[in-house]
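Colleague: Please take a close look at one part of this structure and explain to a first-year student how that part is built into the rest.

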Amino acid sequence: MKFGRFHHQDRIFFGLVEGEQVAELEGSPFDQYKVTTNLHLLSALKTLTPCEPRNFYCAGLNYAAHIEWGAKRKGITPKFPEKADVGYRSPNALTATDEAIVIPADASDMVQFEGELVAVVGKTAKSLTEDNALSCILGYTLGNDVSERGWQKSDRTLWRAKNCDTWKPMGPFITTDLDPMNLDIEIHMNGKRVAGYNTGKMLFSAQHFIAKITQYMTLYPGDVIWLGTDDATEPNLQDGDVCEIIQKDIGTLRSPVQRAKA
């Protein structure tokens, strides 16, 4: 199934997406729901972020090719993580598909995309193992972990390097019954494919991250876990660009790019 969250005529609701049609839900996929007979054309609705997370977790460096690319740019030997590293992002940075990524006027030119698979938690979970970690997951969506590489070097906590307003596009939908360890993700810039990878190349699996988090913290419905990116993350994002993160079962997360004026 494919769930979306929509705005229409001053109402916000969840819907079941079937092709170009949306069946309105009574309730929420994170609780109890009923599919109603209220049908909408997808094109007539404003697609919102598919959830509003209470907590926003992210995988650290989780793909070898991305680490190798970064090391080559710096002229250093690649260093691979010995254990999974869990980080955080700000929910305030989330924005929906077709909404603009806004680059602050004082940001450098080194603002880059990071197309990622996102696991969406469907029920409260604590102390899971890798064997049952996916039992708490409702489904999967897409994310773009926009990053300013200069600030990433200088800001110890990454507070602005990763978390400026609009720098976490997420969506468009949540798709259930997918294997998080075998999905093809592509990144397109202005209609041209610039990067792509299969999630089976994760250094630490989705199950590993979920289980590790729940050793110490409770996951709640609507929480999200972004699972890292692979491949190069160039070209840099420029004013007027359109960046798309694409996965055939989830859809296309589309983001026009704007640079703010000084």
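Modeller: Strands β18 and β19 form a hairpin, with three residues between them. This is a predicted model, in which local features need pLDDT of at least 70 and side-chain atom pairs count only at pLDDT 80 or more, whereas totals for chains, interfaces and linings use all residues. Residues are numbered from 1 along each chain as its sequence is written, and side-chain values use heavy atoms, with hydrogens and water left out.

Strand β18 covers residues 242–247, and β19 covers residues 251–259. Strands here are DSSP runs of E with at least two residues, and helices are runs of H or I with at least four, both numbered from the N terminus. The two arms of the hairpin pair in the antiparallel sense over six bridges; strands count as paired if DSSP finds at least two bridges between them. Within this pairing, I245 has L253 of β19 as its bridge partner.

Strand β18 also has a partner in strand β15, residues 184–189. That pairing is likewise antiparallel, and it runs over four bridges. One of its links joins H188 to E244 of β18. Strand β18 therefore pairs with β15 as well as with β19, and five of its six residues are buried, so β18 is largely enclosed by the rest of the structure. Buried means under 20% relative accessible area, exposed means over 50%, and partly exposed lies in between (1.4 Å probe, protein chains only).

The surroundings of this part can now be described. The chain has three helices and 19 strands. Its radius of gyration is 18 Å, close to the 18 Å that the globule rule gives for 262 residues, so the chain is as compact as a globular protein of that length. The radius is taken over C-alpha atoms, and the rule is 2.2 Å times the number of residues to the power 0.38. Along the principal axes, the C-alpha atoms fill a box of roughly 60 × 45 × 30 Å.

Burial is found across the chain, where buried residues make up 55% of the 262. Contact means heavy atoms within 4.5 Å. Of the contacts between residues at least 6 apart in sequence, 71% join residues at least 24 apart. A loop residue offers a further example: T49, in the loop between β5 (46–47) and β6 (56–59), is buried at a relative accessible area of 12%. Leaving aside residues up to four places away in sequence, T49 touches R5, L94, T95, A96 and M170.
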